[in-house]
Amino acid sequence: PVLEVGSDEFKASLKRGRELFLSEKNKCAGCHGETGRGDGASSQDHVPHPDTKVLAKEPGFFDLWGNQVKPRNLTQGFFRGGRRPIDIYRRIRVGIKGTPMPPNTDLSNEDTWHLINYVLNIPFED
């Protein structure tokens with residue numbers, strides 16, 4: 001169901017989505033940062049190549065072809081693959097092939113939608 005912006009249900013969904021975003025289990029903030037700016041602590045680590053699992057010589061993330069990639073700055077409201085809720089759903093559940101963005105199939109469907117509501121709201125946070 002579509003939630004009315006500002007309603008108690010909407011606020012509860014954003015709260016739950018933020019909890020999921022910040023959780024150690026989901027690791028969203030590790031890459032995208034606590035405020036969604038793409039500056040998470042993991043982006044400064046030496047991360048294994050997504051295919052070979054060989055540790056990178058430089059800090060940061062790399063795609064399958066060795067190009068350095070940065071986690072999306074979610075505060076800008078631009079999303080790889082589109083900004084419709086279903087597009088973001090796919091990015092969360094399936095990941096982004098060839099990049100360090102992993103699939104997350106551990107989330108329930110309901111929690112996935114809470115996370116989507118939160119991610120879509122990040123550009124409008126105070």
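Okay, let's start with the pocket: the largest one in this structure comes out at about 1100 Å³. Keep in mind that this is a predicted model.

So what sits in the middle of that pocket? There are 41 lining residues, and the closest to the centre are Cys-28, Cys-31, His-32, Met-101 and Pro-102. If you sort the lining by character, you get 21 nonpolar, 10 polar and 10 charged residues.

Which elements build the wall? Four helices give two or more residues each: H1, which is 8-22, H2, which is 28-32, plus H3 and H4. The most comes from H2, with five residues.

Now, two of those helices, H3 and H4, also pack on each other. Generally, you describe a pair of packed helices by the angle between the axes and the distance between the axes. Here, H3 covers residues 85-94 and H4 covers residues 109-121, the angle is about 115°, and the axes are 10 Å apart. The crossing of H3 past H4 is right-handed. On the H3 side, the contact uses Pro-85, Ile-86, Ile-88, Tyr-89, Ile-92 and Arg-93. H4 answers with Asn-109, Thr-112, Trp-113, Leu-115, Ile-116 and Leu-120. By class, that contact has nine nonpolar residues, two polar and one charged.

Last topic, salt bridges. How many are there? The count comes to five. One to look at on screen is Glu-19 with Lys-15, where the side chains meet at 3.9 Å, N to O. Where are these two? Both are in helix H1, four residues apart, or about one turn of the helix.

That's it from me, happy to rotate the model if anyone wants another view.

How values were computed
Residues numbered from 1 in each chain as written. Predicted model: local features only at pLDDT ≥ 70, side-chain atom pairs only at ≥ 80, totals over all residues. Heavy atoms only, no water. Axes fitted to C-alpha atoms, helices over the stretch in contact; angles between N-to-C directions. Left-handed = near helix turned anticlockwise from the far one by under 90°. Contact = heavy atoms within 4.5 Å. Nonpolar A, V, L, I, M, F, W, Y, C, P; charged D, E, K, R; others polar. 1 Å grid on protein atoms, 1.4 Å probe; cavity = no way out; pocket = protein on both sides within 12 Å on 5 of 7 lines; lining within 4 Å. Points joined across faces, edges and corners; volume = space filled by probe spheres on them. Salt bridge = Lys/Arg side-chain N within 4 Å of Asp/Glu carboxyl O.
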